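Please open the model in your viewer and keep the sequence panel beside it, since each stop on this tour begins with a selection. The stops move from one chain to the other.

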Amino acid sequence: MNGMARHPRLLSVVAAFIALLLGAIPLPHLIDLIRPDFLLLIVIWFALMMPRIGGLGFAWLSGLILDAVHGVVLGENALTFVVIAYIVQHLHLRMRMFPLLHQTMAVMSLLGIYQFLMFWIDGVTGHPMTLWVRWLPVLTGAICWPLLSGLLGRYSARN
Amino acid sequence: MAVLRQGESRFSPSRLSSLGMRAMILIAMSAALIVADYRGKGLTLVRNGLSMVAWPLQMMVQAPSSLWDDVATTFASRHALFQENAALKKAASAQQLKLLEFDALQQENLRLRTLLASKPTAEPTTHAARILQIEIDRLRQRVLIDQGAQDGVVVGQPVIDATGIVGQTTSVGPLTSEVILLSDPTHAIPVQIQRTGLRTVAIGTGHPQRLSLPYLPRNTDIEVNDVLVSSGLGGVFPAGLPVGRITEVHHDPSQPLALVTVLPAAALDRAQDVLLLTTVPRPESPRPTTPEPKSGGAATAKKR
């Protein structure tokens, strides 16, 4: 735990890797539909709490690797992750001060923006997915936020 | 960029403008990637590089289930193995019998085709592959298989399992390839209803156990339990492979088209071992050693 706190960059890589794994583990169809976008939550957290480490480059690389793992149009997640990370970095001083519920709401709207951008890019590149279930991870992602932010906060805490 | 700098100068100017600048550059790079990837094939190198990065991750996700398989095989009881062996032997002999019948039929078919002077059908060769237990997209019905360009996989190859058509390959990396399943909402397969010979198109619904036939008029002769096979139109899937069975026909008097639901023949969400078909057109004149190229039956007999 101490090691992680002293090497926040290592923490970011480990967290991103675990998020990628969680996103790729096969689950039954119904549970899969509500699986939150873990990697995006990690990107948001680092852009919010450690903007120097979890900057735009981190977001871009994470998105690119996610694209490669998912086999979707290359650059789709990279673009949306950068947009989200930019918004978070722009507002990070204010967002940090929000009470938890308020912050969760903010994260939920970010997840909504992400889904909307993905929806839009999917449409432009010819894979329109108009099923309503695509919006479910926005909700579950927001539910995961307090847990995730508490967990990462503990690991990154300097004692 | 000067405009951007002006607009953001209320906050600490140097940091924000450089943040905006970096965001712009990265967004432009991603957009260029999207366009390049969508438009052309110029990105195979980048994609292959990235899939090499993704490979260890895929293997890690794969590890628990393959480990479980190994453990299950190692500790399978002797009795269970005997039973399985007996059952397999029984199945094999039954299939052997069927195969003999099939051989005879195939030769007869070939003779008839020669009589009709029509082109013999292509003879597919198969290549085994294993589906990686990895989730790649929630909304799209796609899977990864452990065979890639190095194993001779190409884009657009039909993928089948023991019971029917699974899908086709959509993109091929060096070590893995992506397969779009029949149930993907963007996948359509030309099919034929076996009982009536009617041709139509089966489209995925996004649910692994449901396809739909959206283009059938309400008065079509179609019944529950009718079997669908691939019609061979479109040139991707060979004709006559099982696609599914009709589970539900709904005639809504207010709609011009019937709502027909199909259960895929292949276990799309449970399949593990699949076969990749390579359709090699049968040479027009059989083998150079065959004396008379006219009798197709003799040529097949010689080959066996």
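Begin by selecting chain B of this predicted model, where residues 24 or more positions apart account for 57% of the contacts with a separation of 6 or more. Colouring chain B by secondary structure should bring out five helices and twelve strands, and of its 304 residues, 34% are buried.

**Where the chains meet**

Next, display both chains together and select the residues of each that touch the other: 43 residues of chain B are in contact with 46 residues of chain A. About 4,000 Å² is buried between chain B and chain A, and carbon and sulfur atoms give 69% of that area. How many salt bridges does the rule find across the interface of chain B and chain A? The count there is zero, although a search of the whole structure, over all chains, finds seven salt bridges.

**The largest nonpolar core**

Now select Ile42(A), Ile44(A), Phe46(A), Phe81(A), Trp145(A) and Leu152(A), the residues with the most contacts inside the largest nonpolar core, which has 53 residues. Chain A supplies at least two residues of this core from each of helix 2 (8-24), helix 4 (38-49), helix 5 (56-70), helix 6 (76-97), helix 7 (100-124) and helix 8 (136-156), and so do helix 2 (13-39) and helix 3 (44-74) of chain B. The helix that gives the most to this core is helix 4 of chain A, with ten residues.

Centre the view on Ile42(A) and show what surrounds it: leaving aside neighbours within four places in sequence, Ile42(A) is in contact with Ala15(A), Ala16(A), Ala19(A), Phe58(A), Leu148(A) and Leu152(A). A second, separate core of 33 residues can be selected afterwards, and includes Ile131(B), Ile145(B), Val159(B) and Leu181(B).

**Two helices of chain A**

Return to chain A and select helix 5, whose 15 residues reach 21 Å from the first C-alpha to the last, close to the 21 Å expected at 1.5 Å a residue. Helix 5 of chain A is mostly covered, with eleven of its 15 residues buried; among them are Phe58(A), Trp60(A), Leu64(A) and Asp67(A). Just beyond helix 5 of chain A, pick out Gly71(A), whose phi is positive, near 70°.

Then select helix 8 of chain A, which has 21 residues and reaches 29 Å from its first C-alpha to its last, close to the expected 30 Å. Where does helix 8 of chain A bend by about 35°? The bend is at Trp145(A), and a proline, Pro146(A), follows within four residues. The buried residues of helix 8 of chain A include Trp145(A) itself, along with Pro137(A), Leu148(A) and Leu152(A).

**Charged pairs**

Stay in chain A and show the side chains of Asp32(A) and Arg35(A), which meet in a salt bridge at 3.0 Å, N to O. Are these partners buried or exposed? Because the cut-off for buried is under 20% relative accessible area, Asp32(A) counts as buried at 3%, and Arg35(A) likewise counts as buried at 6%.

Move to chain B and select Asp184(B) and Arg142(B), whose side chains meet in a salt bridge at 3.4 Å, N to O. This pair links distant parts of the chain, with Asp184(B) in the loop between strand 5 (177-181) and strand 6 (188-193) of chain B and Arg142(B) in strand 2 (residues 142-145), 42 residues apart. Asp184(B) is buried, with a relative accessible area of 0%, and Arg142(B) is buried at 14%.

For a contrasting pair, select Arg195(B) and Asp221(B), which form a salt bridge at 3.3 Å, N to O, and which lie 26 residues apart, Arg195(B) in the loop between strand 6 and strand 7 (199-204) of chain B and Asp221(B) in the loop between strand 8 (211-213) and strand 9 (227-230). Here Arg195(B) is partly exposed, with a relative accessible area of 40%, and Asp221(B) counts as partly exposed at 43%. Add Glu178(B) to the display as well, where salt bridges that share partners join Arg142(B), Glu178(B) and Asp184(B) into one network.

**A last stop in strand 7**

Finish at Thr200(B), which lies in strand 7 of chain B and is buried, with a relative accessible area of 9%. Not counting residues up to four places away in sequence, Thr200(B) touches Ile189(B), Pro190(B), Val191(B), Leu213(B), Tyr215(B) and Leu216(B).

Key
Residues are numbered from 1 along each chain as its sequence is written. Chains are lettered from A and ligands numbered from 1 in the order in which they are written. This is a predicted model: local features need pLDDT of at least 70, side-chain atom pairs count only at pLDDT 80 or more; totals for chains, interfaces and linings use all residues. Side-chain values use heavy atoms; hydrogens and water are left out. A nonpolar core is a set of buried Ala, Val, Leu, Ile, Met, Phe, Trp, Tyr and Cys residues joined through side-chain atoms within 4.5 Å. Buried means under 20% relative accessible area, exposed over 50%, partly exposed in between (1.4 Å probe, protein chains only). Contact means heavy atoms within 4.5 Å. The expected span of a helix is 1.5 Å times one less than its number of residues. The bend at a residue is the angle between axes fitted to the seven residues ending there and the seven starting there. A salt bridge is a side-chain nitrogen of Lys or Arg within 4 Å of a carboxyl oxygen of Asp or Glu. Buried area is the accessible area (1.4 Å probe) that two parts lose on being put together, summed over both.
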